[in-house]
Amino acid sequence: MKGTSHLFVGTAVGAIAGYAVQPDIRTALIGAAVGGISGVVPDLDTNGLASNSITLSKKVSKWLMETAGMVILLTLIYQTVIYGLSSDIYLYGGIGLLLLIVSRLITQRRMLTITGILVMLLGLVLDQSPGVLLAGSYIIIASFLPHRSYTHSILGIVFYVYILKQLYAQWPVDGLIAAGTAGYISHLFADMKLLPVNRRGVKWFLPLWKREF
Ligand SMILES: [Zn+2]
């Protein structure tokens with residue numbers, strides 16, 4: 001199923017779940033937002049709506065790295081010509097070359113890995129928030145997984161609910177856990193082979209049983 005459809009379904013079930021926890025408009029709206037996000041999270045394992053919306057564009061990052069690498073190297077050459085060799089040449093030369101090499105190799109998925117690392121750093125800054133640290137680790141892991149594998153399984157749900165619980169422990173927002181769980185699970189159901197739009201199904205029981213449902 002497409003990202004926008006998942007977003008729609010997640011938003012709807014999230015609103016219902018939020019309202020079930022506490023029947024007021026505010027909780028339903030928070031539930032809708034959390035459910036919508038959670039409804040696209042499992043597809044962080046592929047290029048699409050979810051990963052593209054949290055990742056810096058590959059083109060922009062590539063250009064930034066190339067430019068930074070060139071500027072560093074040209075400055076270094078200029079300095080060496082004017083002032084002669086300095087001991088910093090290896091360090092800065094290394095950084096400049098590394099940037100140029102990485103800019104050649106970078107893919108959209110590795111940009112997602114970098115995003116996950118940044119989220120983990122954010123977690124460290126935010127009083128070592130376990131929820132944010134785990135969310136970052138989820139993104140990093142998803143960036144290496146094949147599409148429709150562990151993020152689309154019961155194991156993935158368990159990990160995601162654990163992250164929600166850690167986030168809730170730090171920021172107790174009513175409906176967060178219920179709406180997040182509902183949104184995530186709605187994604188897996190919407191990806192099942194039962195629906196004719198899906199050619200591939202969901203391997204609910206990975207790694208024990210690899211059957212697609
Ligand atoms: Zn999916």
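Me: Which residues have the most contacts inside the largest nonpolar core?

Reply: In this predicted model, Val41 and Ile163 have the most contacts inside that core, which has 32 residues. Two or more residues each come from α1 (3–21), α2 (25–40), α6, α7, α8 and α9 (176–190). The largest share, eight residues, is given by α9.

Me: What makes this set a nonpolar core?

Reply: Its members are buried residues of nonpolar types such as Val and Ile, joined through C-beta atoms within 7 Å, so the set is called a nonpolar core. In soluble globular proteins, nonpolar side chains tend to be buried together.

Me: What does Ile163 touch?

Reply: Leaving out residues up to four places away in sequence, Ile163 touches Gly131, Leu134, Ala135 and Tyr138. Among the buried residues of α7 are Leu134, Ala135 and Tyr138. The cover over the buried residues of α7 includes α6 (108–125) and α8 (154–170).

Me: How do you know that the span of helix α7 agrees with its number of residues?

Reply: Helix α7 (residues 130–144) has 15 residues, and at 1.5 Å a residue it should span 21 Å; its end C-alpha atoms are 22 Å apart, which agrees.

Me: Why is Asp127 called exposed?

Reply: A residue is exposed if 12 or fewer other C-beta atoms lie within 10 Å of its own. Asp127 has 9 within 10 Å, so Asp127 is exposed. Asp127 lies in the loop between α6 and α7, and its phi is near 50 degrees, a positive value in a residue other than glycine.

Me: And what makes Gln128 count as exposed?

Reply: Gln128 has 9 C-beta neighbours inside 10 Å, and therefore counts as exposed. Gln128 is also found in the loop between α6 and α7, with phi near 50 degrees.

Terms used. Residues are numbered from 1 along each chain as its sequence is written. This is a predicted model: local features need pLDDT of at least 70, side-chain atom pairs count only at pLDDT 80 or more; totals for chains, interfaces and linings use all residues. Helices (H or I, at least four residues) and strands (E, at least two) are DSSP runs, numbered from the N terminus. The expected span of a helix is 1.5 Å times one less than its number of residues. A residue is buried if 20 or more other C-beta atoms lie within 10 Å of its own, exposed if 12 or fewer, and partly exposed in between; C-beta atoms are placed from the backbone. Two residues are in contact if their C-beta atoms, placed from the backbone, lie within 7 Å.
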